[in-house]
Amino acid sequence: MKRLSTIPFLALALFLTAQGQTGLPPAAERAMNAIDAEKIRATVKYLSDDALEGRGTGQKGGDKAADWMAAQFKKYGLAPAGDHGTYFQNVSFYGVTTDQQRTRLAFVSKSGSETVQKFADDYVATDQTHSEKSEIDAPIVFVGYGINAPEYNWDDYKGVDLKGKALLMLVNEPPSDDPNFFKGRALTYYGRWTYKYEEAARRGAVAVILVHKTEMASYPWEVVRNSWGGETSLLEDEKEPKLKSAGWVQLEVAHKLAQSAGLDLEQMLKDANSRSFKPVELGVRLKETIVSQVRSFASRNVLGKVSGSDPRLKGQAVLYTAHYDHLGIHPNEPGDNIYNGAADNATGCGILLELARAYAEAPQKPARTILFAAVTAEEQGLLGSKYLGEHPPVPANNISLDLNYDDVQPFGDPEQVVVSGSERTTVSPLVERVAQAFHLSIQPDDHPEAGHYYRSDHFSMARVGVPAFSVNEGALFKGHDLAWGEEKEKDYVTHRYHQPSDEYRADMDFTADAKMAKFGFVLGWDVANQPELAGWQPGDEFERARKRSQQPKTGF
Ligand SMILES: [Zn+2]
């Protein structure tokens, strides 16, 4: 097991602190100080221009953005780190749209009577197998939360064979205030619907029916219905098993389904909260014909690197990520239908490019290699970064840390930094020291129950074991009180977030973005020079993935 040993780390920290406030050697400090807010502005202005059509994945504007990012990497002198000596990593996708007219779903009782459900009103479903037509006729089994979490001594499956079955399950995780049990109020990955589909498919199930309960999902049925109404993008290169029908039902439908099996849903919900819960076969079958329109398309991650200076350590890396895609153009919508994505995430791209320029121009390089990845298809469910995590240019066990930037608001000079998830990793003490050097306080996660850690690209790297988190500003800015920053954030979320109005404006102040870039530069530089690779705190949910990635393989 590789873990940062305390003594050399402390010695290094003291040694570095002695050199200056940031701990950087003078050459690196000069490179960091050249990070320029106005250059970030220029990137945001360019990438969010109507000419780039909102950088949609699989759209012309997205391709143009990828070409441009690669051209900047080249201009700054980064070496290519993509496929076949290029700056690009090709990612193939399937776009799947469920044909609502031709798809049919019914519950069949023991006596053989069918209750047909209505798409969108009663249920939604996506076929993950890329088939144009799948037929399902399977017994329905209630599996509680559908979670198997050995570290919390929790297993809803109890070894029951679920091959070929349709699993009815709840979203979220067993409720608790105990921080040692599913992290208390905070949502772990076990509570996310994506985990539930993955786990069911791994067990050979053919379908999942998630019960939608607003309080448990933390969003209403309309959100589920709207996000499942259009095209779903899936990675073409997926080795994991997939479901013929990954679906949700309205709470009321689940009530009736339980009733038809002679059960009471309220009681089932209670039973699911017990550690001794066992799967319950309902005696009702799911009969479903799911018809889909399937198309293939390709997109690209953009990868560049600055090679490390230590021949022994240059095979290892520190990674910086930011997604360049946004929601593209929605041709059928009236008025302005270009989703420019200035804040989300042209800002992250601007920061990534300044980091790339700073490392490339530094006359002295860190020991380990520095990798830069502008990833695609974040808005489609972190798919570009998922592909990157599964096909990293440096093996995942040799990537010490991933620092991600997503939606860094150009609001002025921040006095707080948000690094949620850093406390899970061994770089936590270093994060605190660097924050101090920048006079930044660390803003805690106010809504751990929303599971934000699982909603940006760093998570794709964590899944393959790489210690990872996003760097962003908090709500407190120089010359303002906290309420001002919170109001600005609220105004953004209400009026611009994921809307065509997320556009560049001349009054944007990119001081924040430059400061977050400098903060990440110092952090990444230090981690790239530490004697050991970074790791997870003992018992963290991603520690197992790190250990798995470190098991001896052929190669490196
Ligand atoms: Zn984003």
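Two strands count as paired here if DSSP finds at least two bridges between them. Keep that in mind as you explore this predicted model.

**Stop 1: the whole chain**

Start with the full protein chain in cartoon view. There are 16 helices and 22 strands to find. The radius of gyration is 24 Å, close to the 24 Å that the globule rule gives for 556 residues, so the chain is as compact as a globular protein of that length. Turn the C-alpha trace around: along its principal axes it spans about 80 × 55 × 50 Å.

Now switch on the surface. The accessible surface of the protein chain comes to about 22,600 Å², and carbon and sulfur atoms supply 52% of that area. How much of the chain is buried? Buried residues make up 58% of the 556 residues. Contacts reach far along the sequence too: among those with a separation of 6 or more, 83% link residues 24 or more positions apart.

**Stop 2: a small open sheet**

Select residues 416-418, 441-442 and 472-473, which are strands β19, β20 and β22. Together these three strands form an open sheet in the order β20-β19-β22, with mixed pairing. Which strands sit at the edges? They are β20 and β22, each of which pairs on one side only.

Zoom in on β19 and β22, which pair in the antiparallel sense over two bridges. To see one bridge up close, pick V418 and its partner N472 in β22. As background, strands of a sheet pair through backbone hydrogen bonds, either parallel or antiparallel.

**Stop 3: strand β13 and its partners**

Next, select residues 280-306, which make up strand β13. Colour β13 brightly, then add these partners one by one:

- Strand β1 (residues 79-80) pairs with β13 in the antiparallel sense over two bridges; look for A79 with its bridge partner K305.
- Strand β2 (residues 88-98) is antiparallel to β13, with eleven bridges; here V91 stands opposite S299.
- Strand β3 (residues 104-108) also pairs with β13 in the antiparallel sense, over five bridges; R104 has T289 as its bridge partner.
- Strand β6 (residues 133-142) joins β13 through nine bridges, again antiparallel; select K133 and its bridge partner V291.
- Strand β17 (residues 369-375) and β13 share five bridges in the antiparallel sense; L303 stands opposite A373 in β17.

While the side chains are on display, remember a handy rule: in a regular strand the side chains alternate between the two faces of the sheet.

**Stop 4: the zinc ion**

Finally, show the zinc ion as a sphere and display H323, D344 and D406 as sticks. Which atoms hold the zinc ion? H323 coordinates through NE2, D344 through an OD atom, and D406 is listed twice, each time through OD, at 2.0 to 2.8 Å. The angles among the four donor atoms run from 51 to 149 degrees, and the site is irregular. For four donors to count as tetrahedral, all angles must lie between 85 and 135 degrees. The ideal angle for four tetrahedral donors is 109.5 degrees.

Follow the donor residues along the sequence, and you will find the spacing H-x20-D-x61-D. H323 lies in strand β14 (residues 317-323) and D344 in helix α10 (residues 342-361), so this pair ties together parts that are 21 residues apart in sequence. Are these two residues buried or exposed? Both H323 and D344 are buried.

Methods
Residues are numbered from 1 along each chain as its sequence is written. This is a predicted model: local features need pLDDT of at least 70, side-chain atom pairs count only at pLDDT 80 or more; totals for chains, interfaces and linings use all residues. Side-chain values use heavy atoms; hydrogens and water are left out. Donors are N, O and S atoms within 2.8 Å of the metal (3.2 Å for Na, K and Ca); water is not among the atoms, so sites may look incomplete. Four donors count as tetrahedral if all angles lie between 85 and 135 degrees; four count as square planar and six as octahedral if opposite donors are over 155 degrees apart and all others between 65 and 115; anything else is irregular. Helices (H or I, at least four residues) and strands (E, at least two) are DSSP runs, numbered from the N terminus. Buried means under 20% relative accessible area, exposed over 50%, partly exposed in between (1.4 Å probe, protein chains only). The radius of gyration is taken over C-alpha atoms; the globule rule is 2.2 Å times the number of residues to the power 0.38. Contact means heavy atoms within 4.5 Å. Accessible areas come from the Shrake-Rupley method with a 1.4 Å probe; for residues, only the protein chains shown count as cover.
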